[in-house]
Structure formats: C-alpha cells, structure tokens
Amino acid sequence: MTPPTPPHPPTPQPLPSSSLSPSATTAAPVSTSTKDDVVVLFENVQKIYQKSAQAPPVIALGGIDMAITRGEYFAIMGPSGSGKSTMLNILGCLDRPSHGRFLLDGQDISQIDDRELSQVRGKRLGFVFQAFNLIPQLTVSENIQVPLFYQAIPAKQRRQMAEQSAERVGLQERLHHRPSELSGGQQQRVAVARALVSEPSFLLADEPTGNLDSSTGEAILGLFDELHALGLTIIMVTHDPSIATRCQRTIWLRDGLIEREVITDHSEQPATTEHA
Ligand SMILES: Nc1ncnc2c1ncn2[C@@H]1O[C@H](COP(=O)(O)OP(=O)(O)O)[C@@H](O)[C@H]1O
Ligand SMILES: [Mg+2]
C-alpha cells in the first residue's frame with residue numbers, strides 16, 4: 001500500500017560557501033533552556049535554491065537560529081514567499097538545510113542520507129496537513145496504523161497502539177468506521193491520531209484548519225490545546241493571527257529571516273475543551 005507521504009521538494013544543488021551572504025541576521029533571541037529540553041535546534045540554518053549556474057541563487061532561509069523546547073506550542077507566520085514552507089520542509093525532514101545545522105532531540109540530522117531522513121520522518125515526527133489524506137478503503141483503526149506499517153510492529157500491538165491513539169482524540173467509538181462515515185472534524189481527528197501513533201517528538205501542522213468550517217476548525221484547535229496541555233510539542237504554520245495567539249510563541253518570517261517573535265501569555269485565558 002502507498003503511504004500518504006507529503007510531496008517531496010526538489011533537491012537543490014549545493015553551493016560553494018562563498019556564495020552565502022545572508023543580508024541580515026536574525027533578530028530573535030535563542031532560547032536559554034537546557035539542552036535536554038530542546039526538541040528542535042536550528043543553528044544558522046540556510047536554504048538556498050540555485051536553478052542553474054547562470055541563475056541568481058534564491059535565499060529561501062537566510063540563516064535561522066532558533067530553539068523549540070519540549071512541550072512548546074509554536075507558530076510560524078509570515079507573508080507569502082517569506083520561507084514558511086521551506087522551514088516546514090526542513091522541520092519535517094522532507095528537505096535538508098543547504099548550510100547550518102538542524103538538531104532534532106540533540107541529533108544532528110542536517111547531514112544524514114535520504115533513507116535515514118525518511119526513517120526519522122516516519123518514527124519521530126507526526127504530520128497534520130490541510131487535506132486529511134485518509135485512505136477511504138481503510139477503517140479508522142487501519143488509517144491510524146499506517147505509519148506503523150513501515151516499522152515491523154506486530155499486528156496486535158499495532159491495533160492496540162491505534163486504539164490508544166484514537167482514545168487520545170476521542171474517537172474510540174469509531175475505530176471500525178470508514179472515513180466517509182465521519183464528519184470533517186472527526187476525519188481531521190483521525191489524521192491527528194495517525195500523527196500521534198508513533199509517539200512523535202513533535203506534531204507538525206500545516207494550516208490544520210484550512211479545510212474546515214469555523215466551528216470544526218475551532219474544535220480541532222481545542223483538541224490541540226488539550227494535547228498541548230498533556231505535554232505534546234506542536235509546531236504549526238498558519239496564516240491566521242487569531243490561531244497563532246493560541247500558541248505560546250510565534251515567529252514571523254520575512255525574506256527568509258526571523259523578523260520578530262511574539263510570546264503570548266495564556267495565564268488569563270480559559271482552556272477550550274469542545275469537540276466536533
Ligand atoms: N524549489 C524552489 N526553487 C527555487 N526557489 C524556491 C523553491 N522553493 C521556494 N523557493 C523560493 O524561496 C522563497 C521562500 O519560499 P517558501 O518557503 O515557499 O515561502 P512561503 O511558504 O512563506 O510562501 C520564495 O522566494 C520562493 O520563491
Ligand atoms: Mg508556503
């Protein structure tokens with residue numbers, strides 16, 4: 001069976017280091033948390049696209065330093081072309097930096113080969129995309145198990161893991177239904193359960209509410225709030241400032257650099273617990 005893998009961006013050609021001259025440095029402070037708490041560490045991460053020797057290089061990321069702490073709810077915003085997708089592709093291990101280092105749970109994954117990269121992706125990351133990418137012929141339980149099919153886990157254990165994951169998103173009563181028998185919000189929750197089934201280091205969400213009506217979108221964000229309260233690290237790309245304010249920290253990208261960073265204080269806000 002074919003897994004619902006996200007699209008693979010083209011592999012860029014490496015550049016000589018002399019062609020690297022980011023025009024500015026990042027303004028964002030690097031987190032001071034201890035090393036063990038850091039899930040994601042970017043050290044001068046650059047991504048440069050060079051279509052041909054004649055074409056001028058496109059600096060998609062100009063040298064990013066950032067640290068994301070375990071348990072953080074983190075948002076990435078910025079205008080079109082600012083580097084959000086490029087950053088997401090690197091965070092999601094779909095692509096590597098041209099220069100600089102990306103440490104995931106302390107392991108440098110900037111230099112590992114494609115096979116290792118796809119293993120890291122399958123075992124240590126959970127993706128939630130705008131389109132749910134559920135397989136219509138499979139039940140909810142089977143859809144949730146998809147990431148486990150590549151990990152040599154016995155069938156019985158797989159089913160148990162899927163049940164536990166379904167329970168985390170409140171879908172334990174729907175395990176044997178097909179996606180077409182579920183509402184949009186429930187389908188998105190299956191996608192979240194699938195993302196969580198491998199106990200990933202973080203959940204990576206790309207405009208997770210983009211395809212949902214506002215009340216269903218709100219329910220999914222409520223689910224994210226709950227999962228975050230239980231300790232899950234969530235990294236989300238969004239265009240919507242009202243969604244970003246639900247996160248603890250938002251970075252704004254511009255021209256491939258962090259333009260500013262906003263910390264949101266949630267101490268006064270009640271938690272949302274509604275489900276779709
Ligand atoms: N494969 C590619 N080849 C060349 N340039 C690219 C490629 N992907 C992205 N870019 C360029 O890198 C910059 C950042 O793009 P992107 O990360 O998609 O921004 P965003 O997601 O914020 O809209 C843009 O100028 C874009 O044109
Ligand atoms: Mg984009």
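## A two-sheet protein with one ligand

This protein has 7 helices and 10 strands. The model you are looking at is a predicted one. Of the 276 residues in the protein, 40% are buried. Among contacts with a separation of 6 or more, 75% are between residues 24 or more positions apart.

### The four-stranded sheet

Let us start with the open sheet of 4 strands, whose order is E2-E1-E4-E5 and whose pairing is antiparallel. Which strands stand at its edges? They are E2 and strand E5 (107-108), and because each has a single partner strand, one side of each is left without a neighbour in the sheet. E1 and E2 run antiparallel and are joined by 9 bridges; Phe 42 stands opposite Met 66 in E2. Helix H1 lies across E1, E2 and strand E4 (99-104), and H1 runs at about 125° to E1.

### The ligand shell

H1 and E2 also meet us at the ligand. Ligand 1 is surrounded by 13 residues, and the closest are Tyr 49, Ala 60, Lys 84, Ser 85 and Thr 86. Strand E2 (58-69) and helix H1 (84-91) are the elements that give two or more residues to this shell. The largest share, 3 residues, comes from H1. What is the make-up of the shell by class? It has 5 nonpolar, 7 polar and 1 charged residues.

### The six-stranded sheet

The other sheet to visit is an open one of 6 strands, with mixed pairing and the order E6-E7-E8-E3-E9-E10. Strand E6 (125-128) and strand E10 (257-263) are the edge strands, each pairing on one side only. From one strand to the next, the twist averages 20°. Strand E9 (residues 249-254) and E10 run antiparallel, joined by 6 bridges, and Trp 252 has Arg 260 in E10 as its bridge partner. H5 packs on this sheet, where H5 touches E6 and E7, and the direction of H5 makes about 165° with that of E6.

### The nonpolar core

In soluble globular proteins, nonpolar side chains tend to be buried together. Here the largest nonpolar core has 68 residues, of which Val 192, Ala 193, Leu 203, Leu 204, Ile 234 and Ile 235 touch the most other members. E2 gives the most to this core, with 7 residues. Ile 234 is worth a closer look: leaving aside neighbours within four places in sequence, Ile 234 is in contact with Tyr 73, Phe 74, Phe 202, Leu 203, Ala 205, Phe 224 and His 228.

### Two residues with positive phi

Most residues other than glycine have a negative phi, and most peptide bonds are trans. Two residues with a positive phi are set out below.

| Residue | Phi | Place |
|---|---|---|
| Asn 44 | near 50° | strand E1 (residues 38-49) |
| Glu 199 | near 50° | loop between helix H5 (184-196) and strand E7 (202-206) |

Are these residues exposed or partly exposed? Asn 44 has 17 other C-beta atoms within 10 Å, so Asn 44 is partly exposed. Glu 199 counts as exposed because Glu 199 has 12 C-beta neighbours inside 10 Å. Asn 44 is thus a point to find in E1, the strand that is joined to E2 by 9 bridges, while Glu 199 can be found in the loop that follows H5 and leads to E7.

Conventions:
Residues numbered from 1 in each chain as written. Chains lettered and ligands numbered in written order. Predicted model: local features only at pLDDT ≥ 70, side-chain atom pairs only at ≥ 80, totals over all residues. Near = placed C-beta within 6 Å. Nonpolar A, V, L, I, M, F, W, Y, C, P; charged D, E, K, R; others polar. Core = buried A, V, L, I, M, F, W, Y, C linked by C-beta atoms within 7 Å. Buried ≥ 20, exposed ≤ 12 C-beta atoms within 10 Å, placed from the backbone. Contact = placed C-beta atoms within 7 Å. Pairing = 2+ DSSP bridges. Axes fitted to C-alpha atoms, helices over the stretch in contact; angles between N-to-C directions.
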